[in-house]
Amino acid sequence: ETSCLGIRGGRTLAKALADESCTVQVLKLRSHALIERGHHYQLKPFCEWLARNESLRVLSLESNYIDDFAAEHLAKALARMPKLQVVDLSWNSLGQNNAGSGYRALARSLRHNDVRKVYVG
């Protein structure tokens, strides 16, 4: 059985995570089609809401078509998530376009929090 939040569902979830009363610590969204392949701009609204979350410790976005351009949006959100410890971006499209700018953006952003493990590839 598979489920798929899709673009609209991902935005709605991220908006709920931004609420100051949110205490979710682990979020795993593997293969939920948060963006369509090649449409990196679709991840920006999700990231803007996600950046407001202060409780998340583990974020897994495996297999969601996140490329270097989308990773730049995500990096801005991750930099503002102080309790984040684990980020899993496995099975995405990082490094396949824009000369690896997504990796660089993520590396810069993760210096601002307590991330101990990052999975990519």
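These entries record what I looked up in a predicted model.

**Entry 1: strand pairing**

I began with strand β2, residues 58–60, and looked for its partner. Three bridges join β2 to strand β3, residues 86–89, and the two strands run parallel. Within this pairing I found L59 of β2 opposite V87 in β3. I then followed the chain from β2 to β3: the path passes through helix α3, residues 68–78, and the resulting β-α-β crossover is right-handed.

Next I turned to the pairing of β3 with strand β4, residues 117–120. These strands also run parallel, and four bridges join them. Here I noted that L89 stands opposite V120 in β4.

**Entry 2: a nonpolar surface patch**

I looked up which residues make the nonpolar patch on the surface. Y103, V118 and V120 form it, and its area is about 230 Å². I located Y103 in helix α4, which spans residues 101–109. The relative accessibility of Y103 is 33%, so I record this residue as partly exposed. V120 thus appears twice in my notes: it stands opposite L89, and it belongs to the patch.

**Entry 3: the nonpolar core**

I asked which residues have the most contacts inside the largest nonpolar core. They are L43, F46, L61, L74 and L78, in a core of 31 residues. I then checked which elements supply at least two residues each, and found α1 (6–17), α2 (44–50), α3, β3 and α4. Helix α3 gives the most, with six residues. I note that α3 is also the helix of the right-handed crossover between β2 and β3.

**Entry 4: salt bridges**

I searched for salt bridges and found two in the structure. One of them pairs E62 with R30, and their closest N and O atoms are 3.9 Å apart. I traced both partners along the chain: E62 lies in the loop between β2 and α3, R30 lies in the loop between β1 (26–28) and α2, and 32 residues separate them, so that the pair links distant parts of the chain. E62 has a relative accessible area of 15% and is therefore entered as buried.

The other pairs R116 with D114, with 3.1 Å between the closest N and O atoms. Is R116 buried or exposed? I entered R116 as exposed because its relative accessible area is 59%. For D114 the value is 36%, and I therefore entered this residue as partly exposed.

Key. Residues numbered from 1 in each chain as written. Predicted model: local features only at pLDDT ≥ 70, side-chain atom pairs only at ≥ 80, totals over all residues. Heavy atoms only, no water. Pairing = 2+ DSSP bridges. Right-handed = clockwise from strand over helix to strand, strands pointing away. Patch = residues over 30% accessible without salt bridge, like charges linked within 9 Å, V, L, I, M, F, W, Y side chains within 5 Å. Areas by Shrake-Rupley, 256 points an atom, 1.4 Å probe, with all protein chains shown as cover. Salt bridge = Lys/Arg side-chain N within 4 Å of Asp/Glu carboxyl O. Buried < 20%, exposed > 50% of the residue type's maximum accessible area, 1.4 Å probe, protein only. Core = buried A, V, L, I, M, F, W, Y, C linked by side-chain atoms within 4.5 Å.
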